[in-house]
Amino acid sequence: MGFLNKLKSLDAYPKINEDFYKRTLSGGIITAISAVVILLLFFSETRLYLKTATETNLVVDTSRGERLLVYFDVTFPEVPCTLLSVDTQDISGEQHYDIRHDITKKRLHVHGHVIEATRDGIGAPKIDRPLQKHGGRLEHDEKYCGTCYGAEVTEDQCCNNCEELQEAYKKKGWALPNLDLIDQCARESFVERVKAQQGEGCNVGGFLDVSKVAGNVHFMPGKGYHHSNVQLQELSEFNLDNFNITHTINKLSFGQKIPGVVNPLDGAMWTQTGSSGTYQYFIKVVPTIYTNVAGHEIKSNQFSVTEHFKDGNIKQKTQAGVVIYYDFSPIKVIFKEENRSFLHYLTNLCAIVGGVFTVAGIVDSFIYHGQKAIKKKKIDLGKYT
């Protein structure tokens, strides 16, 4: 019993007989308000506890020799797929022209609906200067005499078009080769496709595998045609030197999509209102690692962008197109999702209940003693009057 009495003396919450309690209207109002405040704070804290918290850290990016997938989906309503090419190059010297793999092209009607979707490549074959009979390429001011690839009957016979070549093969009794590999046939096929797709647009989508160094991606209309350095009379009516590069970037990301992050160029649209030129995007890519609550890690990138239009008629004439210049930040961002600690949640609940009741007690005491002082002063004034 002696130990229990000593323990009883440590009671920090001595009880007062109910006969000594005095309840007031102001105290009841304050108690009701306190209960509502505690209830609201309880629900708010519980909601925060159930949500995941994201911790953000910045570190120096020390990765080397990595590759990066650039996902894109771009629509050109005024450029046909036959004339559109996709090229990449970077400061390390790696270059890829007229990329055909991992890309889907969709021919678009003037009203926007899809005419045809294929995965067999983008753009047209590079149209070189015509191959001469002597084995070289056609030079300026030189008469064209196309090779028959050994099917000539006489030394001065020329095969200047695909039909003449096929006729020469038939006279020799030879089987026809793949016409897409024959210079004359490839040129005529290109011309036919350009004529067939006149007035159409093109949607280009897919991904590019690039090195993790500064570089650029080109969407260039008519590149295969312009690289030929020769005028095709059949194409003169199409005005291939002045393209309308109006475009919409439906999607552009450097790596996988990060949950909750919206890339700044998704849905971006630019409309050409004047002369043709080059529309440039300058992108700063920030390496990012995102780890969700389950521990699944996504290595991707975020980016910021500025834009500039370079008029093709000012100073040095440039080829029409859209160019995306990208560079990498030396700082890496790390996002890590974590669940809040249950003990932290309980601590906050206790702080809410105790804090609200403590503040409410102070307010109630101030009101009670204030009213009591005012009443006493009135009584004292009544005595002297």
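**Exercise 1. Determine which residue of β13 stands opposite Y279, and place β13 among its partner strands.**

Y279 stands opposite V322 in β13, and this assignment, like every one below, is read from a predicted model. The next step is to consider the strands as wholes: β11, which covers residues 277–291, pairs with β13 in the parallel sense over eight bridges. A second partner is β8 (residues 215–221), which runs antiparallel to β13 and is joined to it by five bridges. Within this second pairing, F219 stands opposite V322 in β13. Finally, the covering of β13 itself can be checked: of the eight residues in this strand (321–328), six are buried, and the strand is mostly covered.

**Exercise 2. Classify the geometry of the ring pairs Y279 with Y281 and Y326 with F328.**

Two quantities are needed, since a pair of aromatic rings is described by the distance of the centres and the angle of the planes. The structure holds 16 aromatic pairs. In one of them, Y279 and Y281 lie 5.1 Å apart centre to centre with 65 degrees between the planes, an edge-to-face arrangement. For Y326 and F328 the centres are 6.0 Å apart and the planes stand at 85 degrees, so this pair is edge-to-face. The angle decides the class, because planes over 60 degrees apart count as edge-to-face. As for their surroundings, Y279 and Y281 are both buried, and both Y326 and F328 are buried. The last step widens the view to the cluster, in which Y326 and F328 are joined by F254 and F303.

**Exercise 3. Decide whether E200 is buried or exposed, and identify the side chain with which it makes a polar contact.**

Begin with the location of E200, which is found in the loop between α4 (183–196) and β7 (201–211). Its relative accessibility is 9%, and E200 therefore counts as buried. The side chains of E200 and R107 are joined by a polar contact of 2.7 Å. Leaving aside residues up to four places away in sequence, E200 also touches other residues, including P77, E78, V79, P80, L108 and I115.

**Exercise 4. Find where pLDDT is below 50, and compare the annotated span 342–368 with its modelled secondary structure.**

The chain averages a pLDDT of 80, and 79% of the residues score at least 70. The pLDDT is nevertheless below 50 over residues 121–127, a stretch with 31 contacts in the model beyond near neighbours in sequence. It also stays under 50 over residues 224–237, for which the model has 32 contacts beyond four places in sequence. Turning to the annotation, an unreviewed UniProt entry lists residues 20–43 and 342–368 under "transmembrane region". In the model, residues 342–368 are 100% helix and 0% strand, with end C-alpha atoms 39 Å apart.

Conventions:
Residues numbered from 1 in each chain as written. Heavy atoms only, no water. Phe/Tyr/Trp six-rings, centres within 6.5 Å; stacked < 30°, edge-to-face > 60°. Buried < 20%, exposed > 50% of the residue type's maximum accessible area, 1.4 Å probe, protein only. Helix = DSSP H or I, 4+ residues; strand = E, 2+ residues; numbered from the N terminus. Polar contact = N/O pair within 3.5 Å; in protein donor to acceptor, adjacent residues only side chain to side chain. Contact = heavy atoms within 4.5 Å. UniProt positions renumbered as here; feature names shortened; annotations may be inferred. pLDDT = per-residue confidence, 0-100. Pairing = 2+ DSSP bridges.
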